[in-house]
Amino acid sequence: MKIISEYLQRTRLLVLSLIISSFIQSQSTNDRFSQYNITWTSQSENSSGSMPVGGGDIGCNVWVEDGDILFYMSRSGAFDENNGFMKSGRMRIRISPNPFETDAPFSQTLKLREGYVEITGETGGQPAKVEIWVDVFNPVIHVNIESGKPVAVEAAYESWRTKNREMTGRETDNNRSFVGAPVKAMVRKDSTAFRAGDILSFHRNDGDMPDAFDLCLEQQGLAGVKEQMWNPTKNLIFGCLVRGKNMEPAGTGQGRYASADYMAWKIRSAEPSLKHSIKIYLHIGQSETLEDWLGGLYSLADEYEKTSVDARQNTLRWWQDFWNRSHIIIKPSSAGNDSTAWSVGRNYQLFRYQLGCNAYGEYPTKFNGGLFTYDPEFVDDRMKYNADYRRWGGGSFTAQNQRLVYWPMLKSGDCDMMLPQFDFYLRPLKNAELRTKVYWGHNGASFTEQIESFALPVAFEYGWNRPAGYDPGVQYNSWVEYQWDTALEFCFMILEYERYNGNDISKYIPLIESCLVFFDEHYRYLSMKRTTKALDENGHLVIYPGTACETYKMATNPVSTITALNSVISRLLQISEKYLPEERQIYYKEYLKRIPPVSFRVMNGYHTIAPADRYERINNIELPQLYPVYPYGLYGIGRSDMEVAVNTWKYGYEKPGQKDFISWHQDAIFCARLGQTGEAKEITVKKLSDSGRRFPAFWGPGHDWVPDHNWGGSGMIGLQEMLMQAVGEKIYLFPAWPKEWDVDFKLHAPYNTVVEGQLIDGKLTGIVVTPESRIKDIVDLSAADSLSR
């Protein structure tokens, strides 16, 4: 096997003037993306055959069933008392005469570059067209209908939350703090009615039922500091206003969709017309009174009616800018030829579109479905619940999964979309610091792996049947006990965000520092409880009890924690002159010396990275011993001692299940970072091939749910890493890219750098680097053999 020095000797450093790319095909950017539009020529059987559309912080699942257009509506931050992530309802659009009830040609298309769904049909020999789009800059969904002859339109708002009720069976998995709780999980009904010709519907968290926030406080012994804690669900009201131009109330109805009963409130066009327009205004806010919230909703609607003349063009322009930022187009000449490689490239773009729909959400895109979940029985036929359900919770977040949704945004140039994930930790920082102070009396933020949106552990993972005397700050759960270090990965992500685009991160420095201080003070504190010394004989912290991900439990000096601390502090010190006073710089230089070294072990006769100095049991199937490869980049292309990392990938694991491609498994990323082209390609094809569902990028459920967003995110990262890796100031192109995959790409690198190029027949045929001065840092590996092509 060739070692890294031999590998790099075969590279060619590109020192050449700026080249204007000659693209694989003489296509405009718009044409390149039009090949990825998804078109269906038949209607769907149910909501599992839905198509995503969205913008700003709103997502809709759109499908046509039995001649009706239906779509679910979801907006970031719509959390009820139980901290469930609730849909904003379902719309049903019916046109008369109906262009979708005949044998005439039918099509439903996701116009990817323009960001909207178009549905076409025919009635009486006249074409009809429906466009559904979401304003990126305002929380408004548009339904525009045009027909060759006058038609009537009925729009029904359908709600299944029509009465207070108790959750049943496994439904509480959508509100995980109530799983096993001594109190019943109750779903509070919405309020829906006609109002001045519109349909008004809202859900109000008004405190008259047990809520997740109080449940967690009481369970975890924090009721005494309740008034000091931030509660994002208190007085939260979310809902919508359905308004149709020249439409009027047409009564109510009821029905059953899948396994959920619903009521419908209908508006109908006053008379047939060639054009119809329906707008749905979505509003979320914490308001002391309902009147204040209603004022905000109607102010939004009334102002929008006056100022929205340019809304469509502004939204189209945003999507055009979004697609101009970056792309990976594989084998563009193979469009429509059932090419696996081409499909991988298409599905990469389709998933990025889903991420773009929550670009500016109050909350980050959730790993377990984002904005695009649908009726659960079409995922798992045992789950006969309504469309609010998703496995692994609505308002609770699993950090190991969330990170994979946001890492690919660096190279795709979507750094502006990363802020909701950063703010998710920044907003409740005081809550995380308070729990540390209450439980242990020291400083620092203790963010656990499974947390509610208010940064307390999910009650189920905290444990409802805890033994007497158990540390009150630790989750009594075999999977996530002592797992604090995932917050450090988001700190590292923030620092990488700064390295990529140079944006000021001053507001996040308190978060980063507090997470770091926790580990320093907490593990000295624990050591002093066991012995008379805060550090070991070498002056190092003893990270015990710890955990290497959820896999290597009750570990000493787990590698995921050690490399996280090393990476975050080292990077923070690199920019410390800008962000830290001198005394803090000195503190972190000394802190760095206290971090224990990475351990190694021999596996199958090979020197490999160990998951920890020691551990007591194996609980899951992750590969934390490769976290020094990704995300922390201590080993890999352009770095020293890659052989030990390659050995770790090949031999350094205990269970076959630790290698997989579904959901959050990072195998393709590891292989790409280690130059293992053949395996990276094989795993990426499995990861990014069509999902088997009607929409090809609705993967899952895997370990999680549908659409599985950490499945798509890890797939994006793997493909990016195969194509381009940034090491220091060097930019390595094609470190694990199959030579037979022609590609046209545009990706972002650190220090405000953009790299565009094409690989044709295994050769780099053109490159544009912005700024031009960075072309000296490009290393072209397309002519080199990888360690394992």
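Rings of Phe, Tyr and Trp, the last represented by its six-membered ring, are taken to pair if their centres lie within 6.5 Å. In the predicted model described here, F33, W318, W319, F322, W323, Y353 and Y360 form one aromatic cluster on this basis. The structure as a whole holds 46 aromatic pairs. Within the cluster, the ring centres of F322 and W323 are 4.9 Å apart and the ring planes stand at 80°, so this pair is edge-to-face; planes over 60 degrees apart fall into that class. F322 and W323 are both buried. F322 also takes part in a contact with a charged side chain: the charged end of R352 sits over the ring of F322, at 3.8 Å from its centre. A further arrangement of a charge over a ring involves K659, which lies over the face of W649 at 3.7 Å from the ring centre.

A second aromatic pair is formed by F422 and Y497. The centres of these two rings are 5.4 Å apart and their planes lie at 80°, so F422 and Y497 are likewise edge-to-face. This pair links distant parts of the chain, with F422 in helix 8 (residues 419-426) and Y497 in helix 11 (residues 486-501), 75 residues apart. Both F422 and Y497 are buried.

Helix 11, which carries Y497, also packs against helix 13 (residues 559-574). The angle between helix 11 and helix 13 is about 30°, and their axes are 9 Å apart. Helix 11 is therefore roughly parallel to helix 13, an assignment made for angles under 35 degrees. The crossing of helix 11 past helix 13 is left-handed.

Among the sheets, one open sheet consists of 3 strands in the order 22-23-26, with antiparallel pairing. Strand 22 and strand 26 are its edge strands, each pairing on one side only. Strand 22 (residues 546-548) is joined to strand 23 (residues 552-555) in the antiparallel sense over 2 bridges. Here G546 stands opposite A555 of strand 23, and A548 has Y552 in strand 23 as its bridge partner. Strand 22 and strand 23 form a hairpin with 3 residues between them, and C549 in the turn has a positive phi of about 55°. Strand 23 also pairs with strand 26 (residues 617-618), again in the antiparallel sense and over 2 bridges. In strand 26, R617 is the residue that stands opposite K553.

Another open sheet contains 4 strands in the order 19-29-30-31, and its pairing is antiparallel. The edges are occupied by strand 19 (327-330) and strand 31 (763-770), each of which pairs on one side only. On average, neighbouring strands of this sheet are turned by 20° against each other, direction ignored. Strand 30 (residues 753-760) pairs with strand 31 in the antiparallel sense over 7 bridges. One of the residues involved is L759, whose bridge partner in strand 31 is L764.

Strand 6 (residues 89-96) has pairing partners in strand 5 and strand 10. Strand 5 (residues 68-75) and strand 6 run antiparallel and are joined by 5 bridges; L70 stands opposite R92 of strand 6. Strand 6 and strand 10 (residues 140-159) also run antiparallel, joined by 7 bridges, with S96 bridging to A152 in strand 10. Of the 8 residues of strand 6, 6 are buried, so the strand is largely enclosed by the rest of the structure.

The loop between strand 17 (260-269) and strand 18 (273-286) contains E271. E271 is exposed, with a relative accessible area of 56%, the threshold for this class being over 50%. In space, E271 and V153 are 8.7 Å apart from C-alpha to C-alpha, although 118 residues separate them in sequence.

Notes: Residues are numbered from 1 along each chain as its sequence is written. This is a predicted model: local features need pLDDT of at least 70, side-chain atom pairs count only at pLDDT 80 or more; totals for chains, interfaces and linings use all residues. Side-chain values use heavy atoms; hydrogens and water are left out. Rings of Phe, Tyr and Trp (its six-membered ring) pair if their centres lie within 6.5 Å; planes under 30 degrees apart count as stacked, over 60 as edge-to-face and the rest as tilted. Buried means under 20% relative accessible area, exposed over 50%, partly exposed in between (1.4 Å probe, protein chains only). A charge sits over a ring if NZ of Lys or CZ of Arg is within 6 Å of the ring centre and within 35 degrees of the ring normal. Two strands pair if DSSP finds at least two bridges between them. Axes are lines fitted to C-alpha atoms, for helices over the stretch in contact, and angles run from 0 to 180 degrees between N-to-C directions. Angles under 35 degrees count as roughly parallel, over 145 as roughly antiparallel, 65 to 115 as roughly perpendicular and the rest as oblique. A crossing is left-handed if the near helix is turned anticlockwise from the far one by less than a right angle, and right-handed if clockwise.
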